[in-house]
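Subject: Structure handover

Hello,

Here is the structure I said I would pass on. My notes on it follow below the display.

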Amino acid sequence: MSSLDTLRISSIRNIEQAELCPSPKLNLIYGENGSGKTSILEAIHLLAMGRSFRSSKTSTVISEGDLELTIFAETQNGNRVGLVKPRRQTHQLKLDSENQKNWDRVARCLPTQVLDSSSFLLLEGGPKARRRFLDWGVFHVEHGFLNEWRKSRKCIANRNLLLKGMNPDESQLRAWDRELCEAALEVDQARQRYFDQFIPAFEKVYSSLTGKGGVAVDLKYQRGWDSDIELMDVLIASRQQDTKYGSTQNGPHRADIIVKAGSIAAIDVLSRGQQKVLVSALKITQGMLFSSAIGEQCIYLVDDLPAELDPVNRAKILEMLIDLDGQLFVTCVEQSSVVNCLQNPPQMSTFHVERGTITG
């Protein structure tokens, strides 16, 4: 099972030093705003994914006045993961005492999902957020996906470099076009296979949360170029436009998931509370598909669960998250706002955070 037995962090925002022994089920982290609750979740995500879900710059996560942050975790499976990130130098990442050049193996060891205020970007943000969401699921269930995704990124980067030149070399462009088309086809097919599994599972989860009176939503995968035309033909037809902008306008890097309520974008129809139910359903569905494909469970990081949710929806989402049978970290201001939702509490640990000091 992918759960943390031990978590040690230092120099993460206002947390100087902390060690936690989490429950394999539910971990409730409570305290006043600004106390450091979210920093615990941020540390887990940084260790598992190599980036913060709150900031694009890892250096801002390091406590003011300190030169580096450190995070260490030991899993129930016996894996040991450690990260040292200096403020001005490259990181040092280890899995079971072996240095890691990237996060591939660690991400598989610590499959982590986040449900926080930034999750609304799945509805109100640009395609990048939805593409990242989709690719998280594909990465975990389609093990050849990452290599093809990297190939497509390399092709696009080299193609864009040529397009930015005064007189792009046609022979080189054609060569990169061929490689891009091959990789793009694999990426698109992997995404489509995953999406085809995702839709029926999502519909079941969403309807369970909303009931008969819920607003119906529809999800549609767009691959990033005209679905009726081969990518090679699209690249040739758009060569003039690509040259004008100095970048590739069509391809797997333009993929998106369209979320509508009827004929209107869901973001323009749903209330803030309904939006949170929807993004929760999206995240829960990913956890279910991951568990079905891999036979393991995700680690869920849920920041400020009560926000935007009435007690009924809060209880529904919490119950469904608990039913996933993975490890759950939930933050809130008032402990009672979550505890009162639990009719049959699972194994649970509670941690109080005050001014960066954690007691449990």
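**Findings**

Glu16 sits in strand β2, which covers residues 15-20. The model is a predicted one, and everything below should be read with that in mind. With a relative accessible area of 60%, Glu16 is exposed. Apart from residues within four places in sequence, Glu16 has contacts with Ile9, Ser10 and Ser11. Between Glu16 and Asn344, which are 328 residues apart along the chain, the C-alpha separation is 35 Å.

**Two buried acidic residues**

Glu42 belongs to helix α1, residues 37-49. Its relative accessible area is 0%, so Glu42 counts as buried. Leaving out neighbours within four places in sequence, the contacts of Glu42 are Arg13, Ser52, Phe53, Arg54 and Val61. Glu334 is 292 residues from Glu42 along the chain, and their C-alpha atoms are 20 Å apart.

Asp177 is placed in helix α6, which runs over residues 170-210. Asp177 is buried because its relative accessibility is 1%, and the cut-off for buried is under 20%. Once neighbours within four places in sequence are set aside, Asp177 is in contact with Arg159, Met232, Leu235 and Arg239.

**Trp103**

Trp103 is in the loop that connects β7 (98-99) and α2 (104-109). This tryptophan is buried, at a relative accessible area of 15%. Not counting residues up to four places away in sequence, Trp103 touches Leu46, Leu47, Ala48, Met49, Gly50, Leu83, His91 and Leu93. Of these contacts, Leu93 is 10 residues from Trp103 in sequence, with a C-alpha to C-alpha distance of 8.2 Å.

**Cysteines**

How many disulfides does a search of the whole structure find? The count is 0. A disulfide is a covalent bond between the sulfur atoms of two cysteines. For Cys109, the closest cysteine sulfur is that of Cys298, and at 13 Å it is too far for a bond. The same pairing holds from the other side, as the cysteine sulfur closest to that of Cys298 is in Cys109, 13 Å away. The cut-off for a disulfide is within 2.5 Å. Cys109 is buried, with a relative accessible area of 12%. Cys298 is buried as well, with a relative accessible area of 3%.

**Positive phi angles**

Most residues other than glycine have a negative phi. Two residues are worth a look on this point.

- Glu308 is not a glycine, yet has a positive phi of about 70°. Glu308 lies in the loop between β12 (299-302) and α10 (311-323). Its relative accessible area is 40%, so Glu308 is partly exposed.
- Arg355 is not a glycine either, and its phi is positive, about 50°. The loop that holds Arg355 is the one between β14 (348-354) and β15 (357-359). Arg355 is exposed, with a relative accessible area of 74%.

**The chain as a whole**

The secondary structure of the protein chain consists of 11 helices and 15 strands. Along the principal axes, the C-alpha trace spans about 65 × 55 × 35 Å. Why does the radius of gyration agree with a compact globule? For 360 residues, such a globule would have a radius of gyration near 21 Å, and the protein chain has 22 Å.

Of the 360 residues in the protein chain, 52% are buried. The accessible surface of the chain is about 17,300 Å², and carbon and sulfur atoms account for 46% of that area.

Taking contacts in the protein chain between residues at least 6 apart in sequence, 70% join residues at least 24 apart. As for charge, the chain has 43 positive and 44 negative charges, and the mean positions of the two sets are 4 Å apart.

Regards

How values were computed: Residues are numbered from 1 along each chain as its sequence is written. This is a predicted model: local features need pLDDT of at least 70, side-chain atom pairs count only at pLDDT 80 or more; totals for chains, interfaces and linings use all residues. Side-chain values use heavy atoms; hydrogens and water are left out. Helices (H or I, at least four residues) and strands (E, at least two) are DSSP runs, numbered from the N terminus. The radius of gyration is taken over C-alpha atoms; the globule rule is 2.2 Å times the number of residues to the power 0.38. Buried means under 20% relative accessible area, exposed over 50%, partly exposed in between (1.4 Å probe, protein chains only). Contact means heavy atoms within 4.5 Å. Accessible areas come from the Shrake-Rupley method with a 1.4 Å probe; for residues, only the protein chains shown count as cover. Lys and Arg count as positive and Asp and Glu as negative; His and the chain ends are not counted. The place of a charge is taken as NZ of Lys, CZ of Arg, CG of Asp or CD of Glu.
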